[in-house]
2 protein chains.
Amino acid sequence: MEEKNGLIIVHTGNGKGKTTAALGLAIRAWGDGLRVLILQFIKGQWKYGEITALNKLNEIDGRMELRRLGKGFQRGAEDKTEHIEACHEALKEAAAAMESNNYDLIILDEINYAVKFGLITVDEVKELLAHRPKDLHVVMTGREAAREVIDMADLVTEMTLIKHPYQQGIKAQKGIEF
Amino acid sequence: MEEKNGLIIVHTGNGKGKTTAALGLAIRAWGDGLRVLILQFIKGQWKYGEITALNKLNEIDGRMELRRLGKGFQRGAEDKTEHIEACHEALKEAAAAMESNNYDLIILDEINYAVKFGLITVDEVKELLAHRPKDLHVVMTGREAAREVIDMADLVTEMTLIKHPYQQGIKAQKGIEF
């Protein structure tokens with residue numbers, strides 16, 4: 001098997017900071033001259049502030065691309081069909097982006113949750129990762145990452161909620177959404 | 001006691017992502033129009049890529065300020081005196097920045113570790129926080145956050161290392177330092 005230098009990084013757990021730390025990695029990588037693509041598997045997790053900031057960086061040199069592909073979730077027992085389709089579209093775009101060799105870092109935001117929720121299978125994720133370029137770094141976020149994904153990863157961090165303002169009756173703050 | 005709307009957020013634990021998630025919060029806040037100050041209590045934790053990216057954003061409108069105040073650590077039993085002085089200088093700058101009311105978000109990077117390592121006391125940190133403006137958000141990073149700091153916080157996330165590439169003999173990668 002070909003040796004891979006790119007890292008597979010997983011941010012999982014029930015706490016805040018999984019997507020936020022991925023955003024931090026994206027910024028750091030951009031600052032180091034890498035070409036970054038963020039693919040969103042579940043819409044609605046990203047806030048106005050980060051989209052604005054990423055777009056500003058992308059305007060500078062086009063190396064910070066964000067594609068919002070998944071569908072947003074409503075609460076309740078809605079039909080999963082369109083979520084399944086949206087996530088498979090995101091998988092296809094991820095595969096095409098990997099094949100293009102146009103990126104050094106690809107963030108698959110909320111892909112773990114898409115697996116957990118049954119929108120894509122873990123085998124589809126393994127297949128995607130198996131075909132990645134050898135120097136590409138991949139970050140996968142979302143709670144309850146599958147065991148097989150953790151087994152394939154080089155770096156896994158679990159974000160655990162210790163204390164949350166909602167527990168104390170404090171409302172979310174603009175610019176500091178959590 | 002005056003009611004505070006600003007949040008105290010703590011990122012602690014032995015895992016990666018504490019500073020990286022703080023960086024992500026800084027980016028999000030900047031994108032939402034907030035004025036951000038990052039004060040570094042221990043030097044050497046921040047990498048070239050993120051400094052470059054933050055400076056680029058700061059060039060746009062001056063709302064993303066980074067001050068690298070603490071000293072870097074060498075391994076070995078060196079004299080703590082200059083580290084203690086550097087951290088007290090950082091505390092003073094934090095207090096002055098809070099008093100200025102020029103910021104909406106202040107990140108006290110590695111302040112938890114500075115307490116743990118005995119460079120500043122937890123009482124000095126409590127005193128600093130007690131005098132913050134009521135709408136200011138404060139993020140405090142570093143492993144082994146003191147119990148008193150967690151008690152004062154609104155949102156606490158613990159980053160736990162589940163798997164690390166060093167364990168597998170993989171070297172750090174430029175742009176994806178961890």
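**Stop 1: the aromatic pairs**

Start by showing the aromatic side chains: across all chains, this predicted model holds 2 aromatic pairs. Select Tyr113(A) and Phe117(A) for one of them. Their ring centres are 5.8 Å apart and the planes meet at 15 degrees, so the pair is stacked. If you want the reasoning, planes under 30 degrees apart count as stacked. A pair of aromatic rings is described by the distance of the centres and the angle of the planes.

Now hop to chain B and pick Tyr113(B) with Phe117(B). This aromatic pair is stacked as well, with 5.8 Å from centre to centre and 15 degrees between the planes.

Are these rings buried, exposed or partly exposed? Turn on a surface and have a look. Tyr113(A) is partly exposed, at a relative accessible area of 28%, and Phe117(A) is partly exposed too, also at 28%. In chain B, Tyr113(B) comes out at 27%, partly exposed, and Phe117(B) likewise has 27% and counts as partly exposed.

**Stop 2: a lysine over the ring**

Keep Phe117(A) on screen and add Lys80(A). The charged end of Lys80(A) sits over the ring of Phe117(A), 4.5 Å from the ring centre. Repeat the selection in the other chain: Lys80(B) places its charged end over the ring of Phe117(B), again 4.5 Å from the centre.

**Stop 3: the two copies together**

Zoom out until both chains are in view. How many degrees of turn lay chain B on chain A? A turn of 180 degrees with a shift of 0.0 Å along the axis does it, and the RMSD is 0.0 Å. The two copies are thus related as by a two-fold rotation axis. The same surface serves both copies, as 100% of the contact residues of chain B recur in chain A.

**Stop 4: chain A as a whole**

Hide chain B for a moment and colour chain A by secondary structure. You should find 6 helices and 6 strands. Trace them from the N terminus and the order reads β-α-β-α-β-α-β-α-α-β-α-β. Of the 178 residues in chain A, 54% are buried. A contact map tells its own story here: among contacts between residues at least 6 apart in sequence, 80% join residues at least 24 apart.

**Stop 5: helix H1 of chain A**

Select residues 18–31 of chain A, which form helix H1. H1(A) has 14 residues and spans 20 Å from its first C-alpha to its last, close to the 20 Å expected at 1.5 Å a residue. How many residues of H1(A) are buried? The count is 14 of the 14, so H1(A) is largely enclosed by the rest of the structure. Just beyond, look at Gly33(A): this residue follows H1(A) and has a positive phi, near 95 degrees.

**Stop 6: strand S5 of chain B**

Bring chain B back and select residues 137–141, which make up strand S5. The strand is mostly covered, with 5 of its 5 residues buried. Show the side chains: His137(B), Val139(B) and Thr141(B) point one way from S5(B), while Val138(B) and Met140(B) point the other way. In a regular strand the side chains alternate between the two faces of the sheet.

Next, add the strands that pair with S5(B). Strand S1 of chain B, residues 8–12, runs parallel to S5(B) over 4 bridges, and within this pairing Val10(B) has Met140(B) as its bridge partner. Strand S4 of chain B, residues 105–109, also pairs with S5(B) in the parallel sense over 4 bridges; there Ile107(B) is bridged to Val139(B).

**Stop 7: helix H6, seen in both chains**

Finish at helix H6, residues 147–152. In chain A, select Val149(A), which lies in this helix. Val149(A) is buried, with a relative accessible area of 2%. Leaving out residues up to four places away in sequence, Val149(A) touches Val10(A), Asn112(A), Val122(A), Val125(A) and Met140(A).

In chain B, select Glu148(B), which is found in H6 of that chain. Glu148(B) is partly exposed, at 34% relative accessible area. Beyond its neighbours within four places in sequence, Glu148(B) is in contact with Val122(B) and Lys126(B). For a last distance label, join the C-alpha atoms of Glu148(B) and Asp123(B): they are 25 residues apart along the chain and separated by 8.8 Å.

Technical notes. Residues are numbered from 1 along each chain as its sequence is written. Chains are lettered from A and ligands numbered from 1 in the order in which they are written. This is a predicted model: local features need pLDDT of at least 70, side-chain atom pairs count only at pLDDT 80 or more; totals for chains, interfaces and linings use all residues. Side-chain values use heavy atoms; hydrogens and water are left out. Rings of Phe, Tyr and Trp (its six-membered ring) pair if their centres lie within 6.5 Å; planes under 30 degrees apart count as stacked, over 60 as edge-to-face and the rest as tilted. Buried means under 20% relative accessible area, exposed over 50%, partly exposed in between (1.4 Å probe, protein chains only). A charge sits over a ring if NZ of Lys or CZ of Arg is within 6 Å of the ring centre and within 35 degrees of the ring normal. Copies are superposed by least squares on the C-alpha atoms of residues with pLDDT of at least 70 in both. Contact means heavy atoms within 4.5 Å. Helices (H or I, at least four residues) and strands (E, at least two) are DSSP runs, numbered from the N terminus. Two strands pair if DSSP finds at least two bridges between them. The expected span of a helix is 1.5 Å times one less than its number of residues.
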